[in-house]
Amino acid sequence: MQVNNIGYNHSHDADFQISRPDGSGDYLFLILKTPAIFTISGKEIQAEPNSVILYKKGTPQFYRVKCAVFVNDWLHFDINEDELSLFEDWQIPFDTIIPLNNINDLSLFIKNITYERYSSNHYREQSVNLYLQLLFMKLSEKLHSLPDEKFGSYYEKMAMLRSRIYNMPYFDWNISGLSHSLSISKSYFQHLYKEIFGTGVMEDIIQSRIQHAKYLLSTTSLPIKEIASLCGYSNETHFMRQFKGVMKMTPSRYREQSFF
């Protein structure tokens, strides 16, 4: 895939409009953050925020602002025949307004692609290509994921929370705070989490901390007490007990084995 032009979180004035009877000469992917009016096959369609559209090469492109401002992410790109077959596998419809529950993760990919494209990073071309594939794979997951359909907007929110738990094992995670962030009861939060991910939230919190501890034990010479603190434990004994319960060995023994 080749990026021709890209824009992240771009704002347009109230008189903004696009009129391309023959398309833009390439493929165009739009992430809508404000409402807009599209004309597709001669019919006007109102697109709401958190919608996307993937224009196929050669498709007429007509859209304009609906409110005082239009904010979107946009990506002009080209693909070869082999890459076109990927879109068939991903079952992403062309020239169709697709409403989504949440576009934040897709927008983040656009942000990362924009950064890489204009960076001087040695592997920027490879990075951009990987980000592009991930972008459309994640879009496909959103379109065809049964959990997403079953749990609605809660699935996206739960997935974001789980990602934060594994990326921030040192944080003082607790069920009261997590459920409060979604404005639901603790019991319903625990039920949803278990049904969506097949494991309890406390089990995930422990796993995230043990994984981080394993990394620190095998790559640093930090004292066990400091590692416990960096993994979210205020009590070294509690950390050692949980680590042994999961790994069937003490942190010290794990460290010894990792160096041999």
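Let's start with Glu 116. Setting aside neighbours within four places in sequence, Glu 116 is in contact with Asn 121, Arg 124, Ser 127, Val 128 and Tyr 131. Keep in mind that this is a predicted model. Where does Glu 116 sit? Its place is in helix H2, residues 104-117. Glu 116 is buried, yet it has no salt bridge. Which side chain of opposite charge is nearest to Glu 116? That is Arg 124, 7.4 Å away. A salt bridge needs the nitrogen and the carboxyl oxygen within 4 Å.

Now a second charged residue, Arg 209. Arg 209 lies in helix H8, residues 201-219. Arg 209 is also buried, and again there is no salt bridge. Here the nearest side chain of opposite charge is Asp 172, at 4.8 Å. What does Arg 209 touch, leaving aside neighbours within four places in sequence? The contacts are Pro 169, Phe 171, Asp 172, Trp 173, Cys 231, Gly 232 and Tyr 233. Look at Tyr 233 in that list. The charged end of Arg 209 sits over the ring of Tyr 233, 5.4 Å from its centre.

Two more names from that contact list are Phe 171 and Trp 173. Let's take the rings in turn.

How many aromatic pairs does the structure hold? There are 20. Take Phe 38 and Tyr 63. Why does this pair count as stacked? The ring centres are 4.9 Å apart and the planes are at 20 degrees, so the pair is stacked. The cut-off for stacking is planes under 30 degrees apart. This pair links distant parts of the chain. Phe 38 is in strand E4, residues 36-40. Tyr 63 is in strand E7, residues 61-65. The two residues are 25 apart in the chain. Buried or exposed? Phe 38 is buried, with a relative accessible area of 0%. Tyr 63 is buried too, at 5%.

Back to Phe 171 and Trp 173. They form a tilted aromatic pair, 4.6 Å centre to centre, with 55 degrees between the planes. Phe 171 is partly exposed, with a relative accessible area of 38%. Trp 173 is buried, at 7%.

Rings also gather in a group. Tyr 27, Phe 29, Phe 77, Phe 87, Trp 90, Phe 94 and Phe 136 form one aromatic cluster. Which charged end sits over the ring of Phe 94? That of Lys 56, 5.3 Å from the ring centre.

On to the strands. Strands of a sheet pair through backbone hydrogen bonds, either parallel or antiparallel. E4 and E7 run antiparallel, joined by 3 bridges. Phe 38 stands opposite Tyr 63 in E7. You have met both already: they are the stacked pair. E7 also pairs with strand E2, residues 17-20. Those two run antiparallel as well, with 4 bridges. Arg 20 stands opposite Gln 61 in E7.

Last, an open sheet. It has 5 strands, in the order E1-E8-E3-E6-E9, and the pairing is antiparallel. Which strands stand at the edges? Strand E1 (2-12) and strand E9 (98-99) do. Each has a single partner strand, so one side of each is left without a neighbour in the sheet. For E9, look at strand E6, residues 51-55. E6 and E9 pair in the antiparallel sense over 2 bridges. There, Ser 51 stands opposite Pro 99 in E9.

Technical notes
Residues numbered from 1 in each chain as written. Predicted model: local features only at pLDDT ≥ 70, side-chain atom pairs only at ≥ 80, totals over all residues. Heavy atoms only, no water. Buried < 20%, exposed > 50% of the residue type's maximum accessible area, 1.4 Å probe, protein only. Lys, Arg positive; Asp, Glu negative; His and termini not counted. Contact = heavy atoms within 4.5 Å. Phe/Tyr/Trp six-rings, centres within 6.5 Å; stacked < 30°, edge-to-face > 60°. Lys NZ or Arg CZ within 6 Å of the ring centre and 35° of its normal. Pairing = 2+ DSSP bridges.
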